[in-house]
Amino acid sequence: MTLETKKSVFVELGKFLSQFSEDKSVKKAGVLHNEAFFDDFEKLIHLSQSHNGWYTPEQVYFAIKSWADALTEENIDKWLSQYAQDFAQPDKTEKNVALILAGNIPLVGFHDFLSVLITGNKALIKTSSNDQHLLPFLAKYLIFADESLQSKISFVTGKLENFDTVIATGSNNTARYFEYYFKDKPSIIRKNRNSVAVLNGKETHEELEALGEDIFRYFGLGCRNVSKLFVPKGYSFDAFFQAIFKYQDVIHYEKYANNYDYNKAVFLMSNFKLLDNGFLTLKEDPSYASPISSVFYEFYDSLEDLQSRLNADAEQIQCIASNDLIKNSIAFGQTQNPQLWDYADNVDTITFLLTTK
């Protein structure tokens, strides 16, 4: 199976995914294998919340659209063009790559899955108990589109065996287990990370509204969700609260509301000072990882000092949102729209897979 063939299969998957929308899913002419997969996938989207209470149709549709936008010929070519020399190397040995996936947000492990297959390796996949249906369905579509992938994709329910390398994602606690268990294998072990936003008080209403997307998308469960704000001393949160009011309906979702009530009660019983708008609490705290329904904040004296702080804490941070205040930050509203070349933890998965012996 050539690289061009592999790329074309994923482009077809992108076209398939582009048909599904929260407003209305519509079959498009020319999309391959709709008769076999379209109706079943639509049903699965609406069943996802019964499999994982956080996977509401809105959140699943968003994840699907994100991958539909990513899996275009132009994007895949741009992504892989920087590895042309590595792909051109002869006699690359096919590896069995064990993938231990997270399940905090829908299809969170798809990039690793894609990377393994596009580099010509075999994927041995252990899905999270929280996300056991979406990726296997898409794998079936890919195999139907090109049956040679049948031998490249295996979902494992028991013990992982006969693998050469590992890509595993988990909490800081499970990462310690992974590091010990896989110490004799080349590996990428991902731990807890959080994302932050840096404000200076000059943000527009639209920018702060977009920041709300970074906070509330996937109910704040992703590592790319903003869980911490850095603001200048004397900063007023009035404009921030006004801008995020559009997300107030999140409190009507029972699982989120339960977290809001519980975490707010814990904070208040501990006599912490809170800012609260009825669906989000803000707490001054030096930590990066805030609980669901809460965002931590911290004051800074200078952007130069903050840049140094963020550089020093880089291993705890997934991404930074700002209005070009911090080096390598991204625009508000874009944390949950990574490109194919935006790697988790800034670890280049393709280079790892192509060069690891």
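The exercises below, each with a worked solution, concern a predicted model.

**Exercise 1. The pair Phe37 and Phe137**

Task: Decide whether the rings of Phe37 and Phe137 are stacked, tilted or edge-to-face, and find which helices hold the two residues.

Solution: Begin with the search of the model for ring pairs, in which the count comes to 31 aromatic pairs. For Phe37 and Phe137 the ring centres are 5.7 Å apart and the planes stand at 90°, so the pair is edge-to-face, given that planes over 60 degrees apart are placed in that class. Next, locate the partners: Phe37 belongs to helix 2 (residues 34–51) and Phe137 to helix 7 (residues 134–145), so the pair ties together parts that are 100 residues apart in sequence. Then turn to accessibility, where buried means under 20% relative accessible area: Phe37, at 8%, counts as buried, and Phe137, at 12%, counts as buried as well. A further pair for comparison is Phe110 with Phe113, which is tilted, with 5.7 Å from centre to centre and 50° between the planes. Phe110 and Phe113 both lie in helix 6 (residues 110–118), three residues apart, or about one turn of the helix, and both are buried. Finally, place the pair of Phe37 and Phe137 in its surroundings: both residues belong to one aromatic cluster, whose members include Phe16, Phe20, Tyr141 and Phe144.

**Exercise 2. The two domains**

Task: Describe how domain 1 and domain 2 meet, starting from the area buried between them.

Solution: First set the bounds, which are 3–181 for domain 1 and 194–322 for domain 2. The centres of the two domains, taken over C-alpha atoms, are separated by 30 Å. Now consider the contacts, in which 11 residues of domain 1 meet 12 residues of domain 2. The size of an interface is often given as the accessible area lost when the parts come together. Between domain 1 and domain 2 this area is about 1100 Å², with carbon and sulfur atoms giving 66% of the buried area. As a last step, look for charged pairs: one salt bridge is found across the interface of domain 1 and domain 2.

**Exercise 3. The surroundings of Arg217**

Task: Find which side chains form salt bridges with Arg217, and which ring its charged end sits over.

Solution: Side chains of opposite charge can pair when their charged atoms come close. Arg217 meets Glu58 in a salt bridge of 3.8 Å, N to O, and it forms another with Glu213, where the closest N and O atoms are 2.7 Å apart. In addition, the charged end of Arg217 sits over the ring of Phe62, at 3.9 Å from the ring centre. The accessibility values complete the picture: Arg217 counts as buried at 11%, and Glu213 is buried at 18%.

**Exercise 4. Salt bridges elsewhere**

Task: Determine where Lys191 and Glu179 lie, and whether they are buried, partly exposed or exposed.

Solution: The whole structure holds 19 salt bridges, and one of them joins Lys191 to Glu179 at 3.4 Å, N to O. Lys191 is in the loop between strand 5 (187–190) and strand 6 (194–198), while Glu179 is in helix 8 (residues 172–181), 12 residues apart. Lys191 has a relative accessible area of 41% and is partly exposed, as is Glu179 at 36%. Beyond such single pairs, Lys228, Glu298, Arg309 and Asp313 are linked in a network of salt bridges.

Technical notes: Residues are numbered from 1 along each chain as its sequence is written. This is a predicted model: local features need pLDDT of at least 70, side-chain atom pairs count only at pLDDT 80 or more; totals for chains, interfaces and linings use all residues. Side-chain values use heavy atoms; hydrogens and water are left out. Rings of Phe, Tyr and Trp (its six-membered ring) pair if their centres lie within 6.5 Å; planes under 30 degrees apart count as stacked, over 60 as edge-to-face and the rest as tilted. Helices (H or I, at least four residues) and strands (E, at least two) are DSSP runs, numbered from the N terminus. Buried means under 20% relative accessible area, exposed over 50%, partly exposed in between (1.4 Å probe, protein chains only). A charge sits over a ring if NZ of Lys or CZ of Arg is within 6 Å of the ring centre and within 35 degrees of the ring normal. Domain bounds come from an automatic or database domain assignment. Contact means heavy atoms within 4.5 Å. Buried area is the accessible area (1.4 Å probe) that two parts lose on being put together, summed over both. A salt bridge is a side-chain nitrogen of Lys or Arg within 4 Å of a carboxyl oxygen of Asp or Glu.
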